[in-house]
Amino acid sequence: NYNGPESIEYNPLNQTYFVSNSGNGQILELNYNNNLSVFANNINTGPYGLELVEEYIGEKWVGQILYVCSGGRLYGYDAYGNQVLNYNMEGSFLNGITQKKNLISGQVELFITDFLDKKLYIYNTEENNHYEVCSFNKNPNGVYYDNLTNRLIVVCWGGNAPIYEIDLTNNSYNTLITTSLSNLDGITMDQCGNFYISAWSSNAIHKYNSDFSETEIIIDGLNKPWSLTFVDKE
């Protein structure tokens, strides 16, 4: 059963969804018949953010790894739910996670927010190391890599929550917009560059265009909406 579901990630390989059950240390898998099963168990903290990565050695595809934020550590699970990574990022509350993939080499970098320490980290999946990208004035929550413009978008917690843009050429950030919303949580993007952001204060999903100059509510009447994922089934 669901117990504090926090993050969701779509698996296009078998058209299932991974859901982090933060209330009891589980990752659930939801199939196309709406049947739930336990994918991974006994996770000490959370789990919170999830990110599914296709792993390559050179140009050869070798499988999928589900990366999981748990406290100050980053875990990885193979397609069978076996833990293949237990990495100490020396964080406090790793939460949002997104990936940037080099389309030539297949190398993947993960960008991870630390909610409590107000930091953004990068983890290199091939080299198995990490470093701090930048620190913020607000608590960062959801993060998404915009492959169309090679930038990171970070949404924040608290009142008048800002939305940050991180320039990956120099690891600096600026405020795209200071919203009138409180407690922004999840963020995702569609194929056209529009962003979708969940907000606790409005209990709604807000759609923004690519430069954040226009916005509209597309879903309301929710109860503390958390993370989001975009599904392209074409």
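Hi everyone. Let me begin with a cut-off: a residue is called buried when its relative accessible area is under 20%. Keep that in mind, and keep in mind too that this is a predicted model.

Our starting point is glutamate 9, which sits in strand 1. Is this glutamate buried or exposed? Its relative accessibility is 11%, so glutamate 9 counts as buried. That fits its surroundings, as five of the seven residues in strand 1 are buried. Leaving out residues up to four places away in sequence, glutamate 9 touches Thr16, Tyr17, Phe18, Leu50, Glu51, Leu52, Leu66 and Thr229. There is also glycine 49, 40 residues away along the chain, with its C-alpha atom 8.9 Å from that of glutamate 9.

Strand 1 has a partner. It pairs with strand 2, residues 16-21, in the antiparallel sense over five bridges. Asparagine 11 has threonine 16 as its bridge partner. Four residues lie between the strands of this hairpin, and glutamine 15 takes a positive phi near 55°.

Now to the nonpolar residues. In soluble globular proteins, nonpolar side chains tend to be buried together. Here the largest nonpolar core holds 18 residues, and those touching the most other members are Tyr67, Leu74, Met89, Ile97, Leu110, Ile112 and Tyr123. Strands 6, 8, 9, 10 and 11 each give two or more residues to this core. Apart from it lies another core of 14 residues, including Val143 and Tyr164.

Let's look at isoleucine 97 more closely. Beyond its neighbours within four places in sequence, its contacts include Gly49, Tyr67, Leu74, Leu110, Ile112 and Val143.

On the surface, Ile218, Ile219 and Leu222 make a nonpolar patch of about 220 Å². Isoleucine 219 belongs to strand 20, and its 41% relative accessibility makes it partly exposed.

Last topic: charges. How many salt bridges does a search of the whole structure find? The search finds three. One joins the side chains of glutamate 132 and lysine 119, at 3.5 Å from N to O. This pair links strand 12 to strand 11, across 13 residues. Glutamate 132 is partly exposed at 36%, and lysine 119 is partly exposed at 25%.

Arginine 151 forms a salt bridge with aspartate 146 at 3.0 Å, and both of these residues are buried. Arginine 151 also bridges to glutamate 165 at 2.8 Å. Arginine 151 is in strand 14 and glutamate 165 in strand 15, so this pair ties together parts 14 residues apart in sequence. Asp146, Arg151 and Glu165 are thus linked in a network of salt bridges.

Thanks for listening!

Notes:
Residues numbered from 1 in each chain as written. Predicted model: local features only at pLDDT ≥ 70, side-chain atom pairs only at ≥ 80, totals over all residues. Heavy atoms only, no water. Buried < 20%, exposed > 50% of the residue type's maximum accessible area, 1.4 Å probe, protein only. Pairing = 2+ DSSP bridges. Core = buried A, V, L, I, M, F, W, Y, C linked by side-chain atoms within 4.5 Å. Contact = heavy atoms within 4.5 Å. Patch = residues over 30% accessible without salt bridge, like charges linked within 9 Å, V, L, I, M, F, W, Y side chains within 5 Å. Areas by Shrake-Rupley, 256 points an atom, 1.4 Å probe, with all protein chains shown as cover. Salt bridge = Lys/Arg side-chain N within 4 Å of Asp/Glu carboxyl O.
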